[in-house]
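Work through the exercises below with the sequence and the model open. Try each task before you read its solution.

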Amino acid sequence: MNDETIGASPQPNGDREEIARLLPAPADWDLPREQHLRHKDLLMHHIDREQSTRSRPARRLLRPALLAPATALTLAGVLAAGIALHDGARGPAGTSLHDGGRQPAGTASHRAAPDMRPAAALLGRISDAAEDRATPPVRDDQFVYTREKTRGADLTSGKAVLGPLTDRETWLAQEPGPLRKLGLIRENGRTSPINAEFGDTGGTPAGLSRPTYRWLSSLPTDPDELLAHLYAETPQAEARERDQAVFEEIGSLLGRMMPARTAAALYRAAAKIPGVVPDPRAQDAIGRRGLGIARDDVRHGVRTEWVFDTEDYSFLGSRSYLTEDTSYGKAGTLLSSEAELELAVVDEAGRLPADRG
């Protein structure tokens with residue numbers, strides 16, 4: 001297995017807009033990653049809709065392959081034996097947390113299914129560890145700093161062409177807003193402002209598209225209430241499976257600065273989404289292997305997985321890849337991946353954490 005092809009069972013092909021949604025944005029950033037991808041999703045959908053009326057026939061979708069029972073039993077045995085938990089020390093504001101290693105509510109389906117039990121057990125342990133992990137409070141006038149390695153594929157040629165591993169730093173403002181300037185991003189040595197979400201002429205307020213520490217603190221901490229809230233608030237998208245959309249929305253919140261109780265609730269809420277499974281093959285963008293939580297996009301043949309450290313259950317990163325041979329590439333072709341290296345609170349955009357000078 002290498003960075004370009006990941007072993008996987010055949011899965012359904014995806015529409016171009018759904019695959020493009022998973023790719024990292026270009027280097028010239030004007031808005032945060034999740035917002036950029038939503039707009040890219042809408043654009044690609046519009047292009048494909050025009051093309052489909054002329055040439056593309058409707059495709060029949062296939063049922064996804066389930067995780068092999070032996071894999072589930074193996075992971076369950078590991079969990080039963082117990083993996084040592086180490087309290088991930090978190091410094092005060094201005095210090096690094098990780099450094100170099102580490103349908104509307106009421107109508108959506110979000111009850112645990114029998115085949116989710118191994119994932120629920122793992123997510124329960126991840127949740128317990130998150131709840132015990134100390135995190136610093138964040139003031140509204142501060143910035144959350146992240147440092148990560150990212151890699152993504154370019155589909156403009158009609159084939160998935162994997163780009164190089166990229167260093168990325170972001171400084172996200174924590175003011176409730178609405179804000180016109182949301183922070184800074186530094187990528188490939190270039191620093192640029194992050195502008196308000198497209199259409200927010202008065203600025204973008206704190207919320208699902210701009211999750212500040214204060215906003216995350218306001219979320220319900222009961223997993224059922226939190227999941228119902230996320231199903232209600234996650235934007236609807238044509239041809240998107242609702243459960244997958246919410247799973248990916250939760251994934252976009254992982255690795256952010258938030259209260260321990262909020263992080264714990266997010267993991268327990270994710271365990272209630274049908275189709276969530278453990279993935280023992282998981283690894284992040286720099287090859288760190290860990291405990292994986294994954295879900296297959298049934299309609300578009302793409303697997304999204306989260307990766308956690310095997311010792312302290314901290315979030316390492318995520319990746320997505322094709323699960324069927326398509327015109328873009330063979331099953332296992334990597335679409336995007338990231339590795340979180342550092343998370344901290346700083347007083348000014350552009351400033352590095354105190355312990356790094």
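**Exercise 1. Helix 7 and its end**

Task: Find the residue with positive phi that follows helix 7, then decide how far the helix reaches and how enclosed it is.

Solution.
- Step 1. Note that this is a predicted model. Gly 255 follows helix 7, and its phi is positive, near 80 degrees.
- Step 2. Take the span. Helix 7 has twelve residues and reaches 17 Å from its first C-alpha to its last. That is close to the 16 Å expected at 1.5 Å a residue.
- Step 3. Check burial. The cut-off for buried is under 20% relative accessible area. Twelve of the twelve residues of helix 7 are buried, so the helix is largely enclosed by the rest of the structure.
- Step 4. Look at which residues these are. The buried set includes Arg 242, Asp 243, Glu 248 and Glu 249. Phe 247, Ile 250 and Leu 253 are also among the buried residues.

**Exercise 2. The nonpolar cores**

Task: Which residues have the most contacts inside the largest nonpolar core, and which elements give two or more residues to this core?

Solution.
- Step 1. Start from the general expectation. In soluble globular proteins, nonpolar side chains tend to be buried together.
- Step 2. Size the core. The largest nonpolar core has 35 residues. Those with the most contacts inside it are Leu 123, Ile 250, Tyr 267, Ile 273, Ile 293, Trp 306 and Phe 308.
- Step 3. Assign elements. Five helices and two strands need to be listed separately: helix 4 (117–132), helix 5 (213–217), helix 6 (223–233), helix 7 (242–253) and helix 8 (260–270), then strand 7 (291–297) and strand 8 (302–308). Each gives two or more residues to this core.
- Step 4. Look for another core. One of eleven residues lies apart from the largest, and Ala 153, Val 302, Tyr 321 and Leu 335 are among its members.
- Step 5. Zoom in on Trp 306. Leaving out residues up to four places away in sequence, Trp 306 touches Phe 247, Ile 250, Gly 251 and Leu 254, among others. Its contacts also include Ala 270, Ala 282, Ile 293 and Phe 315.

**Exercise 3. Aromatic pairs**

Task: How many aromatic pairs are there, and what is the geometry of Tyr 145 with Trp 171 and of Tyr 267 with Phe 308?

Solution.
- Step 1. Count. There are four aromatic pairs.
- Step 2. Classify Tyr 145 and Trp 171. Their centres are 5.3 Å apart, with 50 degrees between the planes. The pair is tilted.
- Step 3. Place this pair. Tyr 145 is in strand 1 and Trp 171 in strand 3 (residues 166–173), 26 residues apart, so the pair links distant parts of the chain.
- Step 4. Check exposure. Tyr 145 is buried, at a relative accessible area of 0%. Trp 171 is buried, also with a value of 0%.
- Step 5. Classify Tyr 267 and Phe 308. The distance is 5.5 Å centre to centre and the angle 80 degrees, which makes the pair edge-to-face. Here too distant parts of the chain are linked: Tyr 267 is in helix 8, Phe 308 in strand 8, 41 residues apart.
- Step 6. Extend the picture. Both Tyr 267 and Phe 308 are buried. With Phe 315 they form one aromatic cluster.

**Exercise 4. Strand 1 and its partners**

Task: Which strands pair with strand 1, and over how many bridges?

Solution.
- Step 1. Take strand 3. Eight bridges join this strand to strand 1, and the two run antiparallel. Val 144 has Leu 172 as its bridge partner there.
- Step 2. Take strand 10 (residues 334–346). Ten bridges join it to strand 1, again antiparallel. Lys 149 is bridged to Ala 339.
- Step 3. Take strand 2 (residues 161–162). Two bridges pair it with strand 1 in the antiparallel sense. Ala 153 has Leu 162 as its partner.
- Step 4. Inspect the turn. Strands 1 and 2 form a hairpin with six residues between them. Gly 158 in the turn has a positive phi of about 95 degrees.
- Step 5. Check cover. Ten of the twelve residues of strand 1 are buried.

**Exercise 5. Thr 150 and Glu 338**

Task: Is Thr 150 buried or exposed, and what does its side chain contact?

Solution.
- Step 1. Locate Thr 150: strand 1 (residues 143–154).
- Step 2. Read the accessibility. Thr 150 is at 5%, so it counts as buried.
- Step 3. Find the polar contact. The side chains of Thr 150 and Arg 168 meet at 3.5 Å.
- Step 4. Add other contacts beyond four places in sequence. They include Pro 164, Glu 187, Ser 337 and Glu 338.
- Step 5. Follow Glu 338. This residue is in strand 10 and counts as buried at 12% relative accessibility. Glu 338 and Gly 152 are 186 residues apart in sequence, yet 8.7 Å apart in space, C-alpha to C-alpha.

Definitions and conventions: Residues numbered from 1 in each chain as written. Predicted model: local features only at pLDDT ≥ 70, side-chain atom pairs only at ≥ 80, totals over all residues. Heavy atoms only, no water. Helix = DSSP H or I, 4+ residues; strand = E, 2+ residues; numbered from the N terminus. Buried < 20%, exposed > 50% of the residue type's maximum accessible area, 1.4 Å probe, protein only. Polar contact = N/O pair within 3.5 Å; in protein donor to acceptor, adjacent residues only side chain to side chain. Contact = heavy atoms within 4.5 Å. Core = buried A, V, L, I, M, F, W, Y, C linked by side-chain atoms within 4.5 Å. Expected span 1.5 Å × (residues − 1). Phe/Tyr/Trp six-rings, centres within 6.5 Å; stacked < 30°, edge-to-face > 60°. Pairing = 2+ DSSP bridges.
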